[in-house]
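Got a minute to go through the labels on this one? Let's check what stands behind each of them.

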Amino acid sequence: MGSVLAASSPSSPPPPPAAGSASPGVTVPPGFGMPPVLPPPAGTGSGQQQEAETPLPNPGAFEECHRKCKELFPIQMEGVRLVLNKGLSNHFQVNHSLQLSTSEDSSYRFGVTFIGSKQTGPAEFFPVMVGDMDNSGSVNAQIIHQISSRVRSKVAFQTQHQKFVTWQGDAEFRGEDFTAALTFANPDVLAGSGIIITHYLQSITAALALGGELVYQRRPGNEATVLSLVGRYTGSNFIGALTLGSAGAHASYYHRANDQLQVGVELEASSVLEDSSVTFGYQLDVPKANLQFKGVINSNWVIGATLEKKLLPLPLSLVLCSFLNHQKNKFHCGFGITIG
């Protein structure tokens, strides 16, 4: 009877396994135990997954590959230049520019800038319309508009003495990790002439970007195609870029030494002109004195420098410029004032 009651009573739950007990399906001899299986460290797998899922940055525009080095070189100026900028509203600005020179014809330019209210970034507003006209009637104008979050377009034209010299239109598409652009310059369907330029730049890693440029030019009875490849590497405080093509080579290196000093060197070689040159430039900023100094020297023995001083709190800037060409034995000097 007791055995019958024992068989009919509900079975008690099994005791919980000990810390050193074996996993289900593993037989362990009596008196022996297995070490506990520890879970993987938290964050190890998720960190690798997060690192793998980190998207590559957009490489920017194709024209910006050598821009940081180019911006260090001073711009040559001769004679006296007076620039007056006047803001009429938050969207509209006009400027007057007067150039007086002894070696070239003096000129006057009137410029207009309009900035729309469509904001796409912290300091980006579209559309942007910029134009200027000189005393001879020549006009330069361009319109830049952000059509969507990834597509940007630009239309530019230039006239000289009331005649169209050039006009072009381009569209740029910026993906997550690439930039593609297409440009049409001086297209003439009736004459069968024009220039087509395509750009593509792809981010390979967070620091390395590779791309290419294809230029196709067609004229009556003549056509030509030029292909160029470009590579750019961006470090923490330097940028190196190289462009190779059938027309020549272009290499640049930009380095920021500290908050005040920036240096750059550039190599340009042309297989068409059979000429090459090396240029070294630097930029020195002195924020406490509101002073900026730029200097340049190249392999053609041309030395130049500009000094810009902002007279705060007045909206006034003074610019001094001097260039010396040792081979041609020519010296150019300029002085400029910018108000506004």
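What follows is a set of questions and answers on this predicted model.

Q: Why is D134 called buried rather than exposed?
A: Its relative accessibility is 13%, and buried means under 20%, so D134 counts as buried. The residue is found in strand 4, residues 124-134.

Q: What makes the approach of D134 to the backbone nitrogen of G137 a polar contact?
A: The cut-off for a pair of N or O atoms is 3.5 Å. The D134 side chain reaches that nitrogen at 3.2 Å, which is within the limit. The side chain of D134 also reaches the backbone nitrogen of S138, at 2.8 Å, and that value passes too.

Q: How do you know that strand 5 and strand 6 pair?
A: Pairing takes at least two bridges, and strand 5 (residues 139-146) and strand 6 (residues 151-160) have eight, in the antiparallel sense. One example is V139, whose bridge partner in strand 6 is T159. Four residues carry the hairpin that joins strand 5 to strand 6.

Q: What makes strand 6 and strand 7 a pair?
A: Again at least two bridges are needed; here ten join strand 6 to strand 7 (residues 163-174), and the two run antiparallel. R152, for instance, has E172 as its bridge partner in strand 7. This hairpin has two residues between its strands, and H161 in the turn has a positive phi of about 55 degrees.

Q: How many aromatic pairs does the rule give?
A: The count comes to six. One of them is F173 with F178, at 5.9 Å centre to centre and 35 degrees between the planes.

Q: Why is the F173 and F178 pair called tilted?
A: Centres must lie within 6.5 Å, and 5.9 Å does. Stacked needs planes under 30 degrees apart and edge-to-face needs over 60, so 35 degrees leaves tilted.

Q: What makes the F178 and Y200 pair stacked?
A: The centres are 5.8 Å apart and the planes 25 degrees. That angle is under 30 degrees, so the pair counts as stacked. F178 lies in strand 8 (residues 178-188) and Y200 in strand 9 (residues 193-203), so the pair ties together parts that are 22 residues apart in sequence. F173, F178 and Y200 form one aromatic cluster.

Q: Why are F173, F178 and Y200 called partly exposed?
A: The class sits between buried, under 20%, and exposed, over 50%. F173 has a relative accessible area of 34%, F178 has 22% and Y200 has 36%, so each of these falls in between.

Q: What makes L98 eligible for the nonpolar patch on the surface?
A: A patch residue needs over 30% relative accessible area. L98 has 34%, so it clears that bar while still counting as partly exposed. L98 has its place in strand 2.

Q: Which elements give two or more residues to the nonpolar patch?
A: The patch, with L98, V80, Y108 and F335 among its members, has about 760 Å² of accessible area together. Strand 1 (79-87), strand 2 (92-100), strand 3 (107-121) and strand 19 (330-339) are the elements that give two or more. Strand 1 supplies the largest share, three residues.

Notes. Residues numbered from 1 in each chain as written. Predicted model: local features only at pLDDT ≥ 70, side-chain atom pairs only at ≥ 80, totals over all residues. Heavy atoms only, no water. Patch = residues over 30% accessible without salt bridge, like charges linked within 9 Å, V, L, I, M, F, W, Y side chains within 5 Å. Areas by Shrake-Rupley, 256 points an atom, 1.4 Å probe, with all protein chains shown as cover. Salt bridge = Lys/Arg side-chain N within 4 Å of Asp/Glu carboxyl O. Buried < 20%, exposed > 50% of the residue type's maximum accessible area, 1.4 Å probe, protein only. Polar contact = N/O pair within 3.5 Å; in protein donor to acceptor, adjacent residues only side chain to side chain.
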